[in-house]
Amino acid sequence: MKVSEVMTRDVQTVGPNEPVQRAASFMLGADAGSIPVTDGGRLIGMITDRDIAVRGIAKGYGPETPVRDLMTDDLVIVRVDDDVEDAATKMGEAQVRRLPVIDQEDRLCGIVSLGDLSRETDQDCASEALEGVSQPGGEHRQ
């Protein structure tokens, strides 16, 4: 099964020059912990609630700080034509619960989450991702 068959397509994004307060507001409204950062449709980063709280607030940044200053730009991604098993492996290895999905031009097409895998695939696929995500972690990525 391909990632394109299980991913969430309707994804809210923010631009790199928007204030982190706007990103946080989107996350609150969507009950989400992260939001992709795009520039001209191309995925350039992700910003998480943890980025805002730990990188931002802990270091004294305010709500008007541009998203670019706090976003994660070292991303783990999948492509629309990747297999869901590959997505599960990447999630487990990177210890993340969601991955941005891009096309051949690096344009954001959607997000695939651990929830998507558990709802739409066999249990082995979701279990593999969950096992990796649940391990004691290292450095925060996305």
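Mentor: Let's start with a term: a residue counts as buried when its relative accessible area is under 20%. Keep in mind that this is a predicted model.

Trainee: Is Val-80 buried or exposed?

Mentor: Val-80 has a relative accessible area of 17%, so it falls under the 20% cut-off and is buried. Val-80 sits in the loop between strand S3 (78-79) and helix H4 (84-94).

Trainee: Which residues is Val-80 in contact with, leaving aside its neighbours within four places in sequence?

Mentor: Lys-2, Val-3, Ser-4, Met-7, Val-101, Ile-102 and Cys-109. You can also look at C-alpha separations: Val-80 and Ile-111 are 31 residues apart along the chain, with 9.8 Å between their C-alpha atoms.

Trainee: How do I read the sheet? In what order do the 3 strands come?

Mentor: Follow the pairing from one strand to the next. Here the order is S3-S4-S5, in an open sheet with mixed pairing. S3 and strand S5 (108-113) are the edge strands, each pairing on one side only. Strand S4 (residues 98-102) pairs with S5 in the antiparallel sense, over 5 bridges, and Pro-100 stands opposite Ile-111 in S5.

Trainee: Where does H4 lie?

Mentor: H4 lies across S3, S4 and S5, and runs at about 135° to S4. Its buried residues are Val-84, Ala-87, Ala-88, Met-91, Gly-92 and Ala-94. Just after H4, Gln-95 takes a positive phi of about 55°.

Trainee: What does the side chain of Thr-72 make a polar contact with?

Mentor: The side chain of Arg-55, at 3.3 Å. Thr-72 is in the loop between helix H3 (67-70) and S3, and at 4% relative accessibility Thr-72 is buried too.

Definitions and conventions:
Residues numbered from 1 in each chain as written. Predicted model: local features only at pLDDT ≥ 70, side-chain atom pairs only at ≥ 80, totals over all residues. Heavy atoms only, no water. Helix = DSSP H or I, 4+ residues; strand = E, 2+ residues; numbered from the N terminus. Buried < 20%, exposed > 50% of the residue type's maximum accessible area, 1.4 Å probe, protein only. Contact = heavy atoms within 4.5 Å. Polar contact = N/O pair within 3.5 Å; in protein donor to acceptor, adjacent residues only side chain to side chain. Pairing = 2+ DSSP bridges. Axes fitted to C-alpha atoms, helices over the stretch in contact; angles between N-to-C directions.
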